[in-house]
Amino acid sequence: MYQHFIFLTSQKFACFGFVLAFLVSVLAIFPVQASAPITLQQAIDLAIKNDPWLTANHQQQQATLAQRTAVAQLPDPKMSLSLNNLPMSSLSFDQEAMTQLKVGISQQFPRGDELNIKRSKLNAQAAQHPAQQANRRALLTNQLTTLWLQAFLAEQQIALIEDDKVLFQQLVETTQANYSSALGNTRQQDMIQAQLALTRLADRLVTYQQHAAMAASQIATLIGTNEYSAVNTAPFQLAKVWPTLSAQQQTWLNSGVTLTQHELYLQLQTHPTVQNSKQAITVAKHDIDLAEQAYQPQWGINASYGYRDDAPNGLMGDSSRDDFFSIGVSFDLPLFTNKKQDQQLNAAKLTTESVKTEQLLLIKQLMAATRAKAQQLNTLNQRDRLYQSQLLHQIKQQSDATLSAYTHDDGDFSEVIRARIAALNAAIDALTIKVERYQTVFDLQYYLNAEYTEY
C-alpha cells in the first residue's frame with residue numbers, strides 16, 4: 001500500500017515537472033515584455049499624433065488651399081462650331097453665297113474684382129484651420145489630463161484603502177480573540193461590526209479599482225496606437241506621479257487667478273476659438289465684397305471665322321468667295337437690383353453681423369467659464385488649507401483617542417470604527433480636493449490659452 005502510494009506520488013511529480021517544463025519553454029518562445037509606465041506627456045503626444053479629427057481637419061485645410069489656386073483663374077473659354085445657311089433643297093455647301101462653316105471662340109470675364117475677392121476669402125477660410133487644430137490639441141490635452149487625474153486619484157484612493165485595510169484586519173482579529181477569550185467588554189456585535197467595516201472597505205476598493213480601469217480604458221481609446229491598443233482596456237501602466245506644474249500654473253495653484261475683467265478680455269483674444277471666430281468674420285466680410293461685385297457688369301468677348309466654299313463655274317463671273325471674320329463684346333445689364341443684388345448684399349451684411357454677435361457671445365461664455373473656474377480654485381484652496389491645518393489633525397486625534405479608550409476598556413467599539421472610517425474619509429477628501437485643484441488649474445490653462453508644460 002505504501003509503495004503504491006509512493007509510485008502514484010512520483011507519477012504526479014513527474015507530470016507536474018513535464019507541465020512546468022512545457023510552460024517554461026512556451027514562455028521562452030513568447031516572452032512577456034512588461035511595458036514601461038507611460039507618462040502624461042507621452043499619452044498627450046500619442047493622442048494628438050493619432051487623432052483622426054486633426055488628420056481630417058488638416059486634409060480640409062489642404063483642400064481649401066488647392067481651391068484658392070483654382071478660383072483665381074478665368075473661366076474656360078468656349079469654342080463653337082456651326083454650319084450656317086445650308087440650302088434645304090440640295091444640302092450643297094457651295095450652292096448659296098450665304099452658306100459657311102463657322103468656328104468661334106468666346107471668353108467671359110468675372111465681375112469687377114471677383115477673382116481676387118474669392119481668393120482672399122479662401123485664404124481666410126484656410127486660416128481658420130490652424131486655430132481649429134490648436135483648439136483641438138488643447139481640448140485633447142485637457143481631456144487626457146482629466147482622465148489621468150481621475151486614474152491617479154483612484155490609484156491613490158486604493159493605496160489609502162489598502163493601508164487602512166491592514167488596521168481593520170487587526171481590529172477584526174483582536175475583536176475575535178477578545179470575544180473568544182471573554183477578555184474585556186467585547187461583544188458579539190463588536191466582532192460583527194468590525195467584519196462589516198472590513199467588507200465595506202473591500203467594496204470601496206473594488207469601486208476605486210473600477211474607476212481606475214475606466215479611466216485607463218478611455219486613455220487607451222484616445223491614444224489609439226498599435227503599442228497601446230484600445231482593444232485591451234489597460235495594456236499599459238500609468239506613471240503614478242503628480243503632473244509637474246509650470247511656474248504660471250504653480251502661481252494659479254497657490255494664489256489663484258488675479259486678472260481684472262479687462263485683462264481677462266485681452267487674454268481671451270488669443271484663445272483658438274476666438275481666433276477662429278475672427279477668421280469667420282473675415283470670411284463673412286468677403287461675402288459682402290462679393291455681393292457688391294454683383295452690381296458690376298460681366299463682360300465677354302467673342303470672335304469667329306466663317307469659311308465659304310467657292311461658287312461653281314459658270315454661275316458667277318468670279319468663282320472665289322471671301323471668308324468672314326467677326327468679333328464682338330457682350331455684357332449684362334444689372335438694372336433691376338432691388339430684388340436680387342440688393343437682397344444678396346443685405347443677406348451678406350446680416351450674416352456678418354450674426355458672426356460678430358456669435359463672437360461676442362463666445363467671449364462672454366469664455367469669460368464666465370474662466371471666472372467660475374477661478375472662483376472654484378479659490379474655494380478649493382480654502383478647503384485645502386482647512387484640511388491641512390486643522391481637520392486632518394483633529395480627526396487623527398479623535399481616532400487615536402477612541403482607540404486608546406477602547407484599548408483600556410473605557411470606550412465603545414462602535415466609536416472606534418466610526419472614528420477610523422472618518423479618518424479614512426477625511427484623507428480621501430483631502431486627496432480629492434488636491435486633485436480637483438490640479439484639475440481646475442489645467443481647466444484654467446485651457447481657457448487662458450497658456451502653453452502646456454512638459455510633464
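**Salt bridges between distant parts of the chain**

In this predicted model, Asp51 and Arg136 are joined by a salt bridge, with 2.8 Å between the closest N and O atoms. Asp51 sits in the loop between α2 (40-49) and α3 (52-71), while Arg136 belongs to helix α4 (residues 114-181), so this contact ties together parts of the chain that are 85 residues apart in sequence. The two partners can also be described by their accessibility. Asp51 is buried, its relative accessible area being 6%, whereas Arg136 is partly exposed at 24%.

A search of the whole structure gives eight salt bridges, and two others are worth following here. One of them pairs the side chains of Lys121 and Asp287, with an N to O distance of 2.7 Å. Lys121 is found in helix α4 and Asp287 in helix α8 (residues 272-293), so the bridge ties together parts that are 166 residues apart in sequence. Asp287 has a relative accessible area of 26% and is therefore partly exposed, because the buried class is reserved for values under 20%.

Next comes the salt bridge between the side chains of Arg420 and Asp164, at 3.3 Å from N to O. This pair, too, links distant parts of the chain: Arg420 lies in helix α10 (residues 413-447) and Asp164 in helix α4, with their positions 256 residues apart in sequence. Both partners are buried, as Arg420 has a relative accessibility of 15% and Asp164 has a relative accessible area of 11%.

Helix α4 thus returns in each of these pairs, contributing Arg136, Lys121 and Asp164.

Terms used:
Residues numbered from 1 in each chain as written. Predicted model: local features only at pLDDT ≥ 70, side-chain atom pairs only at ≥ 80, totals over all residues. Heavy atoms only, no water. Salt bridge = Lys/Arg side-chain N within 4 Å of Asp/Glu carboxyl O. Helix = DSSP H or I, 4+ residues; strand = E, 2+ residues; numbered from the N terminus. Buried < 20%, exposed > 50% of the residue type's maximum accessible area, 1.4 Å probe, protein only.
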